[in-house]
Amino acid sequence: MAITLSALLATPALKLQRVGTSAVADVPVQWVAVTELEDPKPFLSGGEVVLTTGLRQKSATSQRNFVRHVQASGALAIGFATGLSHEKVPAAFLDQADELGLPVFRVPYETPFIAIGKIVADSLSAEHYARLENLLKGHQVLAAALLGGGGLPQLLRELASMLRTDVALSQYGTVLFATGGSAPGVGAGEPAGVPDRAWHRVPVATGLKDRCTLAIAEPYQRDAITDYAQSLISVELSNQARRRASERAVVGQLLQDVVRGTLSGSDAAARLGSAGIDTARRQCVVLADVATGQRRALRTLPLPGTYDDAVTAVVDDRLVIAVPESDGESFSQALSAYLHGAGFTAKVGFGGGYAQPSGLRWSYFEARESLTRGQAVNQPDRLSLTSLLMASEDVPLADLAAEALDPVVAFDERHGAELMLTLEKYLAHNGSVAAVADVLQLHRNTVRYRLQQIVDLTGYDPAVTADRVHLYLALNVRGLR
């Protein structure tokens, strides 16, 4: 600590003598200022000891003015040198100081001002050095915590210990880690469960739009170690994001090979196992699809710690999560809530839980088909005929769908005939002309006329079972593309 005013006055070598009745505060001296100006206030910043010989203070008025200006500047005390222009501290000077409560001390002729300044400067230098030394030790402790296997949680524990308060780290609206059992409410100024506690928030830059924040529980005093912790957290989260992007790209390519059927059997099981997917266990595939402008973020998006057992990948701009032995619906509900809390416009679909690479592939197609429902969370149809065809990559689905439906779509675009809508409703209502007429508010003969137009355009008759199946599959495939 810097030397206090009381300790400075008590230094034997200086032979300083208190005069007047003002109490001496036990506060650190920030600097020593030597001046003979009548108004030194513009050159003082507060916390100084002001030294003067009184050379220009010939009158009582000038002496009182000097004291008033010094007191207004926030100085701690005045040291008045005797034996030069004054043999003792002038009475008017001392009276004004006592009236304002400003301590005054006499500096004997044999004590040079520089001796007082050197003691204060040495104490400030020692304090600064001690702070730097402590800061360097703090840097070493935080770096060792992060790199020693404890990761960000251990770094945050050490930081909380140094700051003597709780800390919490949040990203994408979710608290990643918090000390002390309480964490700040996301997006609010108060922690969950501790409404009377305030938090100081420090943004952490990661290069992502992730709302990453380091929260420090009040009372908190500014500490340079926080800046270093902020930098370490930023670097670590950025590194984690790069690792996730790389891993998801690699696993995504592997899953594509499995999904397309180019990798199967024991080879697929071995490669999936090396990626962390144990196909001997039942695996549930969950897919997350987000708005077009947000898809890039799926490459690096972290998942909450409760998903540690899940393996993630990106396939066709969707986040793919393989979850072992899990209830797909509850997992998907939690994932949907997390994504929406993180600011994503998202829909989540899931498949059943199946073992073996073929089961993983089947679960993927179930999840992908479920996304066509467009809900926040989408449950699949088990053993869907459409999913079965999707799983057969050698079937030219897009071509079959285009061959059957493109003439109808083109006719609608030219004439606004709503043939596609009529076909969808006809298939959805099990071939009931009356039901379609009721839903579309048309005459039954109009519905029959439209169905005949579809037959003329496509060659497929929705009233014939085989043709109806073909048109049904074409509509579903078209909805998946």
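Start by selecting the lining of the second largest cavity, which by class holds 5 nonpolar, 2 polar and no charged residues. Here Ala, Val, Leu, Ile, Met, Phe, Trp, Tyr, Cys and Pro count as nonpolar, Asp, Glu, Lys and Arg as charged, and the others, Gly among them, as polar. The residues to pick are Gln171, Thr174, Leu176, Pro302, Leu303, Pro304 and Tyr338. They surround a volume of about 30 Å³.

A word on what you have open: this is a predicted model, in which local features need pLDDT of at least 70 and side-chain atom pairs count only at pLDDT 80 or more, while totals for chains, interfaces and linings use all residues. Residues are numbered from 1 along each chain as its sequence is written, and side-chain values use heavy atoms, with hydrogens and water left out.

A cavity is a set of points, on a 1 Å grid over the protein atoms alone, where a 1.4 Å probe fits but cannot get out; lining residues have an atom within 4 Å of a point. Grid points are joined across faces, edges and corners, and a volume is the space filled by probe spheres set on the points.

How many cavities of 30 Å³ or more are there by this rule? The count comes to 2. Move on to the largest cavity, with a volume of about 40 Å³. Select Leu255, Val259, Val285, Val320, Leu360 and Tyr364 to see its lining, which divides into 6 nonpolar, no polar and no charged residues. Both α5 and α8 (356–370) supply at least two residues each to this lining. Helices are DSSP runs (H or I, at least four residues) and strands likewise (E, at least two), numbered from the N terminus.

While α8 is in view, click on Gln356, which is placed in that helix. Gln356 has a positive phi of about 75° although it is not a glycine.

Next, show α5 (residues 224–259) with α6 (residues 265–274): their axes come within 11 Å and cross at roughly 160°. That makes α5 roughly antiparallel to α6 (angles over 145 degrees). Axes are lines fitted to C-alpha atoms, for helices over the stretch in contact, and angles run from 0 to 180 degrees between N-to-C directions. To see the contact (heavy atoms within 4.5 Å), select Leu254, Leu255, Asp257 and Val258 in α5, which meet Ala268, Arg271 and Leu272 in α6. By class, this contact of α5 with α6 has 5 nonpolar, no polar and 2 charged residues.

Just before α5, stop at Pro219, in the loop between β9 (213–217) and α5. The peptide bond from Glu218 to Pro219 is cis, with omega near 0°.

Finish at α12 (residues 433–440) and α13 (residues 444–458), whose axes come within 9 Å and cross at roughly 110°. The two helices are therefore roughly perpendicular to each other (65 to 115 degrees). Val433, Ala434, Val436, Ala437 and Leu440 in α12 meet Arg444, Val447, Arg448, Arg450 and Leu451 in α13.

Note on methods: Parallel < 35°, antiparallel > 145°, perpendicular 65-115°, else oblique. 1 Å grid on protein atoms, 1.4 Å probe; cavity = no way out; pocket = protein on both sides within 12 Å on 5 of 7 lines; lining within 4 Å.
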